[in-house]
Amino acid sequence: MEYIDYYKILGLNKNATADDIKKAYRKLARQHHPDLNPNNAEAVKLFQQINEANEVLSDPEKRKKYDQYGKDWKNAEQYEQARKQQQSSGSAGGNPFGGGGGSFYTESGDEGDFSDFFSSMFGNRGGGRQTKFKGQDFRASVQINLSEAYKTHQQTFSVNGKNIRITVAAGIENGQEIKIAGHGAPGANGGPNGDLYITFEVHNDTAFTRKGNDLYKTVPLNLYKAVLGGEEIIDTLSGKVKLTIAPETQNGAKIRLKGKGFPVYKKEGAFGDLYITYQVQIPTKLSEKEKELFEQLSKLR
Amino acid sequence: MEEIRKISVEQCCIYYSVEASFVQQLDEHGLIMLSHSGEEAFIEYDQLPDLEKYMRMHYDLHINMEGMHAIKHLLQQIDTLHAEMRRLQEGLSEE
């Protein structure tokens, strides 16, 4: 367990007054509060540290204890033992979101766990903001591959020990957020449960570039096929397609394959288009014979 | 039709220990939207996350109504810019 310098977190020195602490806390809280830094897990973490530092330093009892024992931290074995006891009695909180390769955080920033350092010195925090009516919302991010996003599929998560299964409709976008109503923390006083928000991070594991519902790909084309025409078989996300190459196809020529792009989110049967750009490959390591023939060709022009 | 779930502003203020005038001001500034039935004002459940957010900003961070109004506007802009940035980051060499 690491020693945490609460003064440093708030940018103060050891003889800061209660007023200094209040001011420093408010100033930092206004900068890093998760409400003002949406979708920023880093701010959530930072704000928790600021909150924790404030919780200790703004409370004269806690501050005294911290100042007294804090500097001898490495020798303070009794705290280490206390920590172990606390852990064996089962720690509260923790990550309620498991599985799915995602990450979990709550965005109001005041329900998060304090550090081991804090709980070993002061015990688990009792108070914190209590649910008054609506339960707290949970936020999670989930990583999926573009090839998975192509098809409607199911994902199972466990949130607070309860398994929930969601259907991810084909065509979900990178950064898209879906709301699962009622799967946040329980409400109080007859209020509704919080909601669970899941943000999808879609990683491209394909050879295509996605722009909205359209896909783009550059396909190499050999010189002779470009000049004389022919056929080329290319991969699309829905299988192979045979294309007819027109004679005298230019380098950089583009074609559009209608409906061979990405599915449109929640629009059954609708697809974007696939755009193919041909990149003509100029032959290399020419033999003497080939050079001769190219020279003959060039003289005909 | 889906039942609209709501709570009276009066009851809500008791649970959250805030002044009714605070909630009314949020409504007047367009930060939340209240619904009315006769004399009584209600807040729909889907407005509660916003209400809680502005409560935190106001009571914890000491931001006034005008400040929260400006923040709302800026957060919307950030949202738009994030979406735009994502589209650009998707590395488009093609048109």
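Okay, let's start with a pair of helices in chain A: H2, residues 18-32, and H3, residues 41-57, have axes that come within 10 Å and cross at roughly 165 degrees. This is a predicted model, by the way, so keep that in mind throughout. Anything over 145 degrees counts as roughly antiparallel, and H2(A) and H3(A) are therefore roughly antiparallel to each other. Their crossing is left-handed.

Who makes the contact? On the H2(A) side you'll find Ile21(A), Tyr25(A), Leu28(A), Ala29(A) and His32(A). H3(A) answers with Ala43(A), Leu46(A), Phe47(A), Ile50(A), Asn54(A) and Leu57(A). Look at the numbering there, and remember that an α-helix has 3.6 residues a turn, so residues three or four places apart point the same way. Sorted by class, the contact of H2(A) with H3(A) has nine nonpolar residues, two polar ones and no charged ones.

Let me zoom out to chain A as a whole. The chain has 301 residues, and buried ones make up 26% of them. Its secondary structure comes to nine helices and 13 strands. If you take the contacts in chain A with a separation of 6 or more, 60% of them are between residues 24 or more positions apart.

Now the far end of the numbering, where helix H9 of chain A covers residues 288-300. How many of the 13 residues of H9(A) are buried? The count is zero, so to speak a helix that is hardly covered. We can also check its length: at 1.5 Å a residue, H9(A) should span 18 Å, and its end C-alpha atoms are 19 Å apart, which agrees.

For a feel of the distances, take Gly11(A), in the loop between helix H1 (6-9) and H2 of chain A. Gly11(A) is exposed, with 12 other C-beta atoms within 10 Å. From Gly11(A) to Glu290(A) you go 279 residues in sequence and 74 Å in space, C-alpha to C-alpha.

Two loop residues deserve a quick look for their backbone angles. Most residues other than glycine have a negative phi. Asn189(A), though, has a positive phi, near 55 degrees. Asn189(A) is found in the loop between strand S6 (177-180) and strand S7 (196-203) of chain A, and it is partly exposed, with 14 other C-beta atoms within 10 Å. Then there's Lys285(A), with a positive phi near 50 degrees. Lys285(A) is in the loop between strand S13 (274-281) and H9 of chain A. Is Lys285(A) buried or exposed? Exposed: Lys285(A) has 5 other C-beta atoms within 10 Å.

On to the partner chain. 22 residues of chain B are in contact with 22 residues of chain A. On the chain B side, the elements giving two or more residues are helix H1 (9-16), helix H3 (48-60) and helix H4 (65-89). Which of them gives the most? That's H3(B), with six residues. By class, the chain B side divides into 13 nonpolar, two polar and seven charged residues.

Last stop, H4(B). One of its 25 residues is buried, leaving this helix hardly covered. The length check works here too: at 1.5 Å a residue, H4(B) should span 36 Å, and its end C-alpha atoms are 36 Å apart, which agrees.

Note on methods. Residues numbered from 1 in each chain as written. Chains lettered and ligands numbered in written order. Predicted model: local features only at pLDDT ≥ 70, side-chain atom pairs only at ≥ 80, totals over all residues. Axes fitted to C-alpha atoms, helices over the stretch in contact; angles between N-to-C directions. Helix = DSSP H or I, 4+ residues; strand = E, 2+ residues; numbered from the N terminus. Parallel < 35°, antiparallel > 145°, perpendicular 65-115°, else oblique. Left-handed = near helix turned anticlockwise from the far one by under 90°. Contact = placed C-beta atoms within 7 Å. Nonpolar A, V, L, I, M, F, W, Y, C, P; charged D, E, K, R; others polar. Expected span 1.5 Å × (residues − 1). Buried ≥ 20, exposed ≤ 12 C-beta atoms within 10 Å, placed from the backbone.
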